[in-house]
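Here's a look at the open spaces, the packed interior and a couple of individual residues in one protein model. Have the viewer ready as you read.

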Amino acid sequence: MKYRPTRRTRRFGIGAAAVIVLAGMNGPALYRFSSDKYHAYKINQPEYKAENGHWDVVNVPDQYRINTIHAALLHTGKVLLVAGSGNNAKNFAAKSFRSVLWDPEKNTFTNIPTPKDLFCSGHSQLPDGKLLVAGGTQRYEKLKGDVEKAGGLMFVHNESPDKPKTLPAGTRFTGKENGKTFESKDPLLVPRAKKTKNPKTGKVTVTASTARVYVEALRKGKKYQTGTEDNYRIAGLKGKDRQNFYGIAQKLSFDKKDFQGIKQAYEFDPEGERYIPVDPMNEARWYPTLTTLEDGKVLAVSGLDEIGQVVPGKNEIYDPKTKKWKYLPKQRFFPTYPALFLTDKGRIFYTGSNAGYGPDDKGRTPGIWDPKSNRFDVVPGISAPDALETSMSVLLPPAQDQRFMVLGGGGVGEDPTSTAKTRIVDLHADKPRFKNGPDLYAKARYPSSVILPDDTVLTTNGSGDYRGRGASNVLKAELYTPRTNTSRGVADPLVGRNYHSGALLLPDGRVMTFGSDSLFADKANTTPGEFQQQIDLYTPPYLFRDSRPKLAGAPKTVKLGAKTTYRTTHASAITKMRLIRPGSFTHVTNVEQRSIALDFTRTKDGVTVTLPKDASVVPPGWYMLNAVDDQGTPSKAVWVKVPAAAKK
């Protein structure tokens with residue numbers, strides 16, 4: 001009997017033949033479709049999540065999408081996202097400065113009026129829970145081919161000891177020899193001259209004061225530039241002021257103009273949800289680091305000043321009680337965004353990490369710095385010392401151990417060099433010296449590292465070249481365990497993140513990642529990149545277990561050395577209590593985050609914790625307190641305020 005296929009069989013055969021033909025023509029595409037589909041299936045399986053964690057995208061309505069450059073967790077549980085002008089010159093020209101407050105628990109957003117361009121500012125947590133934000137952008141850089149008006153630095157002198165003078169923006173300076181006129185772009189305060197008297201002879205000496213301001217020609221064109229030094233008359237002055245005040249400038253030309261900083265400082269109030277102006281810094285700063293000290297004061301270091309030069313070692317302290325700034329008595333130079341951590345002896349540890357500007361042979365050696373005496377003890381042994389720019393630095397948990405890790409990094413400026421090295425140093429060693437840890441998942445500039453409540457460190461992303469050139473973004477993540485000095489890969493991030501990106505631990509134990517500002521989107525470096533406005537949430541493996549501890553009760557304020565008790569179910573399962581300072585992240589820099597081990601005893605239905613007595617281990621401010629069980633699962637955090645220690 002001759003076989004005759006059924007209609008259904010014929011349809012199947014025709015379809016199968018079509019698939020075979022298509023597969024021959026589009027094999028790679030079908031493979032990718034199949035592979036992607038399988039990958040999506042795999043990463044959503046319970047077993048995979050329990051081992052590797054999981055990534056999700058935050059739903060951000062269009063009106064709240066910004067180029068997040070800075071992010072800080074506040075004690076209200078909300079996250080302040082700051083763009084300022086967002087590395088967008090058009091926004092800067094339009095004075096369109098953005099901040100958004102995000103509530104991760106409710107996933108709600110609020111636009112926050114932003115008074116100045118806080119793009120590339122510094123920030124630090126204050127003892128009362130406010131966030132200090134200082135510095136930002138006064139002027140965008142212009143590359144040599146884009147400069148349309150001759151300009152440069154004008155030194156303005158005052159020979160009068162009787163009074164200072166403020167020259168408004170738009171003040172004009174005319175050269176005595178060249179006859180060319182330039183105008184200032186910003187207001188300038190010129191201090192009074194210094195008058196000293198010789199106690200032996202009685203002779204009085206007057207030393208002229210000097211201030212600096214950026215000036216530009218009134219019109220476009222090469223004929224308005226200058227080539228030599230000249231003295232400049234200041235328009236609008238009368239009487240003796242015409243002799244006492246004058247300008248001196250070298251060459252005013254079409255050279256590249258760097259970013260310039262501002263002096264303004266603000267406290268962001270998490271409860272009032274607004275910026276509050278405080279006294280400006282003594283120095284303008286763009287790319288500064290702010291580090292909270294053991295007494296609650298804040299150290300401000302480095303940055304580009306009002307004329308685009310790295311601040312030459314003039315570091316200053318902010319007092320949150322008086323809202324004023326004061327210079328340190330002695331100078332010490334650091335490149336911009338240096339990673340400066342408070343140590344357990346009240347000194348500052350500089351890991352060598354930094355992010356951007358400064359000579360390649362100055363201020364880049366790791367060491368322990370005493371700001372009071374200005375003593376600096378070099379810490380030797382760091383590997384790949386020429387690849388510390390754009391590296392990440394972390395105070396490994398627990399903070400009492402005083403062990404620091406430096407991860408990845410690259411060469412100075414736009415150097416394509418990058419490294420997978422991690423370097424670890426124990427400051428409690430007799431002679432602290434860096435040693436290599438396990439290599440990162442790839443050579444990476446701009447990796448983001450976050451301390452988790454279970455004493456592991458999550459590191460994600462980065463790129464193999466400057467700002468992701470050549471499509472070099474790294475879609476990898478790993479967990480590092482300090483106790484065993486080992487790391488393992490976990491779920492891959494959803495998008496690439498390099499320059500202007502970061503990550504923060506949230507009170508519920510998840511991690512948010514934000515930002516990324518690639519130069520190009522392709523390997524040929526021909527397609528300009530776009531700022532990554534997507535916010536992602538990583539849920540670590542410890543949140544895919546059957547249960548987690550819960551903490552309740554106890555006062556919100558606990559003094560150093562004091563005890564307090566929290567209620568919890570299954571108290572017998574608690575193995576760790578961790579006090580974690582909320583992060584404040586920008587430009588591969590988060591010197592705020594630290595996890596402190598607390599001594600504790602179990603009670604019938606809870607735990608009693610004891611805070612350390614050392615304010616340099618627990619600087620004043622708000623903290624997240626987590627209980628961790630014998631499976632490594634942390635509780636949701638409860639907020640604890642640690643006041644400044646009483647003066648002895």
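What follows covers pockets, then cavities, then cores and a few contacts.

A word on ground rules: this is a predicted model, with local features needing pLDDT of at least 70, side-chain atom pairs counting only at pLDDT 80 or more, and totals for chains, interfaces and linings using all residues. Residues are numbered from 1 along each chain as its sequence is written, and side-chain values use heavy atoms, leaving out hydrogens and water.

**Pockets and cavities**

Both come from a 1 Å grid over the protein atoms alone: a cavity is a set of points where a 1.4 Å probe fits but cannot get out, while a pocket is an open set with protein on both sides within 12 Å along at least five of seven lines, and lining residues have an atom within 4 Å of a point. Points are joined across faces, edges and corners, and a volume is the space filled by probe spheres set on them.

| Space | Volume | Nonpolar lining residues | Polar lining residues | Charged lining residues |
|---|---|---|---|---|
| Largest pocket | about 1200 Å³ | 19 | 16 | 13 |
| Second largest pocket | about 920 Å³ | 15 | six | nine |
| Largest cavity | about 80 Å³ | four | seven | no charged |

For those classes, Ala, Val, Leu, Ile, Met, Phe, Trp, Tyr, Cys and Pro count as nonpolar, Asp, Glu, Lys and Arg as charged, and the others, Gly among them, as polar.

The largest pocket has 48 lining residues, and Asn 87, Tyr 140, Glu 141, Phe 259 and Arg 467 sit nearest its centre. Two elements give two or more residues to that lining, helix H3 (89-93) and strand S8 (137-139); H3 gives the most, with three residues. Helices (H or I, at least four residues) and strands (E, at least two) are DSSP runs, numbered from the N terminus.

In the second largest pocket, 30 residues form the lining, with Gln 138, Pro 187, Lys 263, Ala 284 and Glu 306 nearest the centre. H3 and S8 turn up here too, along with strands S13 (188-190) and S16 (209-217), as elements giving two or more residues. S16 gives the most, with five residues.

Closed spaces: the whole structure holds seven cavities of 30 Å³ or more. Lining the largest cavity are, among others, His 123, Tyr 337, Ser 584, Thr 589 and Asn 590.

**Ser 584**

Is Ser 584 buried or exposed? Ser 584 counts as buried because its relative accessible area is 4%, and buried means under 20% (exposed is over 50%, partly exposed in between; 1.4 Å probe, protein chains only). Ser 584 belongs to strand S43 (residues 584-585). Its side chain makes a 2.5 Å polar contact with that of His 123. A polar contact is a pair of N or O atoms within 3.5 Å; within protein, one must be able to donate a hydrogen and the other to accept it, and residues adjacent in sequence count only if both atoms are side-chain atoms.

**Cores**

A nonpolar core is a set of buried Ala, Val, Leu, Ile, Met, Phe, Trp, Tyr and Cys residues joined through side-chain atoms within 4.5 Å. The largest one has 67 residues, and Val 79, Trp 102 and Met 512 have the most contacts inside it. Apart from it lies another core of 36 residues, including Phe 349 and Val 425.

**Ala 597**

Ala 597 lies 5.6 Å from Pro 398, C-alpha to C-alpha, though 199 residues separate the two in sequence.
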